[in-house]
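User: Could you take a close look at one part of this model for me, the aromatic rings and what lies around them? I'd love one connected walk-through.

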Amino acid sequence: MRSSTRIRLIEPADATPIAAHRVRDFEAFRPWEPAQPADFFTPEDQAERIDSLLAGYRTGTVRPGVVLADNQVIGQVTVGGILPHPRARRARRARRPSCAPDDDGRTRTAPCRGIHPTGGSSG
């Protein structure tokens, strides 16, 4: 049976499965995670974190998501430190994803292959 994995925007309802994962994986992540108070691992505290992350999403500074496997939450990912780009306004008007410069330093003018403006990929 083939499984499906994807990332979507985090939702308040994700607090309970994320809290369960944090409790389950505490020992595995201890070397890399900062120490947290006990209530950090509760669904209520995770719900507060999600509200804060979504507030950052609305201002455009973070992109919080959950990783899904067969529509079940299996993890969390957050892209932070998002800074506005000087050409962002033009890119939004064109509705094309921005691409990294080629080896010679020039940015491609054709749409990026395999990247969709919705954040997904074609391959």
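Analyst: Phe41 is buried, because its relative accessible area is 18% and buried means under 20% (exposed is over 50%, partly exposed in between, with a 1.4 Å probe and protein chains only). Happily, this ring has company. Rings of Phe, Tyr and Trp (its six-membered ring) pair if their centres lie within 6.5 Å; planes under 30 degrees apart are stacked, over 60 edge-to-face, and the rest tilted. By this rule there are 2 aromatic pairs. In one, Phe26 and Phe41 meet edge-to-face, 5.5 Å centre to centre with 85 degrees between the planes. That pair links distant parts of the chain, 15 residues apart: Phe26 sits in helix H2 (residues 26–29), Phe41 in the loop between H2 and H3. Helices here are DSSP runs (H or I) of at least four residues, numbered from the N terminus. Phe26 is partly exposed, as its relative accessible area is 37%. Phe40 and Phe41 also pair edge-to-face, at 5.2 Å and 85 degrees, and both are buried. Together, Phe26, Phe40 and Phe41 form one aromatic cluster.

Phe40 leads us on to Gln46, in helix H3 (residues 43–59). The Gln46 side chain reaches the backbone oxygen of Phe40 at 2.6 Å. Gln46 counts as buried because its relative accessibility is 0%. Beyond its neighbours within four places in sequence, Gln46 is in contact (heavy atoms within 4.5 Å) with Ala15, Ile18, Ala19, Arg22 and Phe40.

A word on reading this: the model is predicted, so local features need pLDDT of at least 70 and side-chain atom pairs 80 or more, while totals for chains, interfaces and linings use all residues. Residues are numbered from 1 along each chain as its sequence is written, and side-chain values use heavy atoms, leaving out hydrogens and water.

Key: Helices (H or I, at least four residues) and strands (E, at least two) are DSSP runs, numbered from the N terminus. A polar contact is a pair of N or O atoms within 3.5 Å; within protein, one must be able to donate a hydrogen and the other to accept it, and residues adjacent in sequence count only if both atoms are side-chain atoms.
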